[in-house]
Amino acid sequence: MTVHASPGRFAKEAQGTHLAAGRSLLTLAVENMHCGGCMRSVERAALSVKGVETARASLAAKRVSVTYDPAVAGEADVVAALERAGFAAAPIEAAKRDRDTARQHYLLRRLAVAGFASMNIMLLSIAVWAGVASDMDPALAAMFRWISALIALPTVAYSGQPFFVSALGALKGRRLNMDVPISLAILLATAMSLYQTMVGSEQVYFDAAVSLLFFLLVGRFLDESLRVRARSEAQNLLSLQGGIATVVEADGTRRLVAAHALLPGDRLLVAPGERVSADGVVLSGKGDIDQSLITGETAPVAVAPGAEIYAGTLNLGQALEVQVTAADSATLLAEISRLMLAAEQGKARYRRLADRAAGIYAPAVHGLGLATFLGWMIAGASWQTALTYAIAVLIITCPCALALAVPAVQIAAASRLFRKGIMVKAADGLERIAESDMVVFDKTGTLTVGKPQLLDTDLIPDAVLASAASLAVASRHPYARAVVAAAERRLGKVVAVNNIEETAGQGLERRRDGKCERLGSAAWCGIKQAGEGSEVWYRVDGAEPVRFRFADRLRSDAAAVVAELKGRGYGVALLSGDREGVVESIAREIGIELRLADLKPADKIAWLEARAAEGCKVLMVGDGLNDAPALAAAHASISPASAADISQRAADFVFQGERLAPVLEAIAVAKRARSMAFQNFAVAFVYNIVCVPLAMAGYVTPLIAAIVMSTSSILVTANALRLAGRPPL
Amino acid sequence: MTALAWLVPAALFLGGLGLAAFLWALRSGQFEDLEGAAYRALEDDPPEEDDPPEADDRKRE
């Protein structure tokens, strides 16, 4: 079968329903795809692979879906082709992708049906209401009610499903959630209206029941799309970090394999500058490894054949050949992720604001409805009248504002943060961060940039810096890069030169005019005195050697952010796995009094739990792999985009850029969102105060119910939208 | 009054048409990539793999 997919055909294929026989579907997250041109190049690059039949990129999702013949092409071929075109890409697990889209479409279909039905029923109802005032033929009014019933019944059965299913689940677990009063109000109103239509009464609530469904589904859909967007962003990020590994076969040929498909025993080739994809032992090659993701330490570690090496570390030296000992879920990374999951159990106990409100609201509403019914029965009304009034109470009190307002506020807050480079990963993270009263920072990579910087540049003569930098350009080592960066800052441009040889783990060398110029470790430059580690020497034959010292650099606004947090009344603390001396000097520099050093991941969790027991709600800001469990254990957490993937998975928010200010922004927007959610609750409360007594007294007609409900829903949504369009906080 | 006998069904039918169009659009993936679609309209080269409906008809002939 030739596959020339129209957009429609392709989407069906993407859902896995109409995939041609013998074809596989692959969805890749693509980094750096920002414009129409990129989209086209991505599709072209994917189509250029032999065996690929269709390729369709989505700019909004930053993904490309590819159908291919698995007999001819493989995942890795497509990834490699995209890489040649300049786009980093990585496969996304099919199961997660499909579930999200399916759920969103499920809600959207029901929303569309409810929207259609509510508009048509409202059209008929307005005619009936207007006709009651003038002189409408009663038979015609009855016919209109019957048509309304015909539209409403299938709509309630179809569009009400999400609420009925959730309410049933809650009741089975002997809990009350928001969906219990919603389902009850809708079902009772529909059943009662059907009865009233049959007996020819005027108390018919089809319009209210269906428009209620419509507004509630809008809220549900907004909530879901916020989650899906956050999840898909997070998935893209994680897939991209996993990446692709080069495996060397027994016969010496090389093959590209997705990192999650590696097996123990595979021989892995790790190119310079590449991340190691699995735990293993070095077979050949030596050089420096950046282990900062695992240990939080910025200083590189030298490795030689026989050394153990961990997934997530970065190869700084020459190409290494590694024998895989543990891959995918067995790596140290995965081990820490299990520790993290255990810590997350605590967070799962958090009850969302809307659910907590429902816990109080639902019994109150049911109580009022029951009281109305019993009251009218005692007062001697017929059971139909009593039930009608009770249903009016249920409809009036139906928690539209609760169910619609909170998601509307949160989606407005999330899109606002998104524009500032902050990704909201957990929807309830916004609520939790707003509650926090203490901010705890990690040191390396969080308060600091996580990259070494050259110290005391003033003591180094220009000429020395220039020639050292021209050597350093040839290396990827972080110290070398720091030298180049310092030289560029002071001298402008760094001149690249030829004939540089790099000895991994040692240094760089260049021979010029019979002289040997060296930049590297103390031993490499022939210096006996033992250095402290964070240093590099530069020596030209016969001249005095020059020492370059390095240290990690603070984020430019770290001190300002800490001062601002203190000014706003937050407790601020620094938890680090680093040595006491280093932690103390950093803490003093940015003004944090409360500091703890030499902490292991478990110590950090213990400290956080102690604070939680005291009633503190801690916001943890951290990046390292060692922080991941602490991020999961804290009340709320933020992680920079440069963090270990596992930390990003644990954190509620991920921020981009070199500044720490996004932490302030996230807190401010979350607080704002929280106060708007409360404003919306207040709006709903005022409506209830006014309308519930009227409903209980039996003065609420279907017309009033419909108007009150629509206006309150529109009001809370409009209030929420103010957050997205507001000027900076 | 007899006008209502066909006006109401006509209104429902038209509304239903709109609903059907939306559900079709959703099913066929018209909302999959709202940002990208804006750029695709500006492409100069003829679409290769998204054959327009006319192209399908020609092939059948």
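**Notebook: sheets, cores and a helix pair**

I opened with strand 7 of chain A, which is joined to strand 13 (residues 320–326) of chain A by four bridges, the two running antiparallel. A:Leu268 faces A:Val322 of strand 13 of chain A across this pairing. A reminder to myself: this is a predicted model.

**Entry 1: the six-stranded sheet**

I next asked what else strand 7 of chain A pairs with. Strand 7 (residues 267–270) of chain A also runs antiparallel to strand 5 of chain A, with three bridges between them. There I noted A:Val247, whose bridge partner in strand 7 of chain A is A:Leu268. So A:Leu268 turns up in my notes twice, with A:Val247 and with A:Val322.

Following strand 5 (residues 244–248) of chain A further, I found strand 6 (residues 254–258) of chain A paired with it in the antiparallel sense, over five bridges. One of the facing pairs here is A:Thr246 with A:Leu256 of strand 6 of chain A. I also looked at the turn of this hairpin: five residues lie between the strands, and A:Gly252 has a positive phi near 90 degrees.

Then I put the whole sheet together. Six strands of chain A make an open sheet in the order 6-5-7-13-8-11, and the pairing is antiparallel. Why do strand 6 and strand 11 of chain A each have one side without a neighbour in the sheet? Strand 6 and strand 11 (308–309) stand at the edges with a single partner strand each, so one side of each stays free of a sheet neighbour. Helix 3 (residues 75–84) of chain A packs on this sheet, where it touches strand 5 and strand 6 of chain A. The direction of helix 3 makes about 95 degrees with that of strand 6 of chain A.

**Entry 2: the seven-stranded sheet**

I moved on to another open sheet of chain A, with seven strands in the order 14-26-25-24-15-22-23 and mixed pairing. Strand 14 (422–424) and strand 23 (594–596) of chain A are at its edges; each has a single partner strand, so each has one side with no neighbour in the sheet. From one strand to the next, the twist averages 20 degrees.

Helix 20 (residues 601–613) of chain A packs on this sheet and touches strand 15, strand 22, strand 23 and strand 24 (618–621) of chain A. With strand 24 of chain A, the direction of helix 20 makes about 155 degrees.

I spent some time on strand 22 of chain A. Is strand 22 mostly covered or mostly uncovered? I found it mostly covered, with four of its five residues buried. On one pairing, strand 22 (residues 571–575) of chain A runs parallel to strand 15 (residues 438–441) of chain A through four bridges. I noted A:Met438 with A:Gly571 as bridge partners, and A:Val439 opposite A:Val572. Strand 22 of chain A also runs parallel to strand 23 of chain A, with three bridges, and A:Leu575 stands opposite A:Leu596 there.

**Entry 3: cores and a helix pair**

Which residues have the most contacts inside the largest nonpolar core? I listed A:Ala209, A:Val210, A:Leu212, A:Ile395 and A:Val409, in a core of 137 residues. The element that gives the most to this core is helix 23 (residues 662–697) of chain A, with 15 residues. Apart from this core I found another, of 44 residues, including A:Ala45, A:Ile92, A:Val270 and A:Val324.

Helix 23 of chain A sent me to its partner, helix 12 (residues 383–397) of chain A: the axes come within 8 Å and cross at roughly 170 degrees. That angle makes the two helices roughly antiparallel. Among the contact residues are A:Tyr389, A:Val393 and A:Ile396 on helix 12 of chain A, and A:Asn688, A:Val692 and A:Met696 on helix 23 of chain A. I sorted the residues of this contact into eight nonpolar, two polar and no charged.

**Entry 4: a buried loop residue**

My last stop in chain A was A:Asn177, in the loop between helix 6 (161–172) and helix 7 (179–199). A:Asn177 counts as buried because 20 other C-beta atoms lie within 10 Å. Leaving out residues up to four places away in sequence, A:Asn177 touches A:Ser166, A:Ala170, A:Asp355 and A:Ala358. I also checked A:Ala357: it is 180 residues from A:Asn177 along the chain, with 9.3 Å between their C-alpha atoms.

**Entry 5: chain B**

Chain B was a short entry: three helices and zero strands. Of its 61 residues, 7% are buried.

Methods:
Residues are numbered from 1 along each chain as its sequence is written. Chains are lettered from A and ligands numbered from 1 in the order in which they are written. This is a predicted model: local features need pLDDT of at least 70, side-chain atom pairs count only at pLDDT 80 or more; totals for chains, interfaces and linings use all residues. A nonpolar core is a set of buried Ala, Val, Leu, Ile, Met, Phe, Trp, Tyr and Cys residues joined through C-beta atoms within 7 Å. A residue is buried if 20 or more other C-beta atoms lie within 10 Å of its own, exposed if 12 or fewer, and partly exposed in between; C-beta atoms are placed from the backbone. Two strands pair if DSSP finds at least two bridges between them. Two residues are in contact if their C-beta atoms, placed from the backbone, lie within 7 Å. Axes are lines fitted to C-alpha atoms, for helices over the stretch in contact, and angles run from 0 to 180 degrees between N-to-C directions. Angles under 35 degrees count as roughly parallel, over 145 as roughly antiparallel, 65 to 115 as roughly perpendicular and the rest as oblique. Ala, Val, Leu, Ile, Met, Phe, Trp, Tyr, Cys and Pro count as nonpolar, Asp, Glu, Lys and Arg as charged, and the others, Gly among them, as polar.
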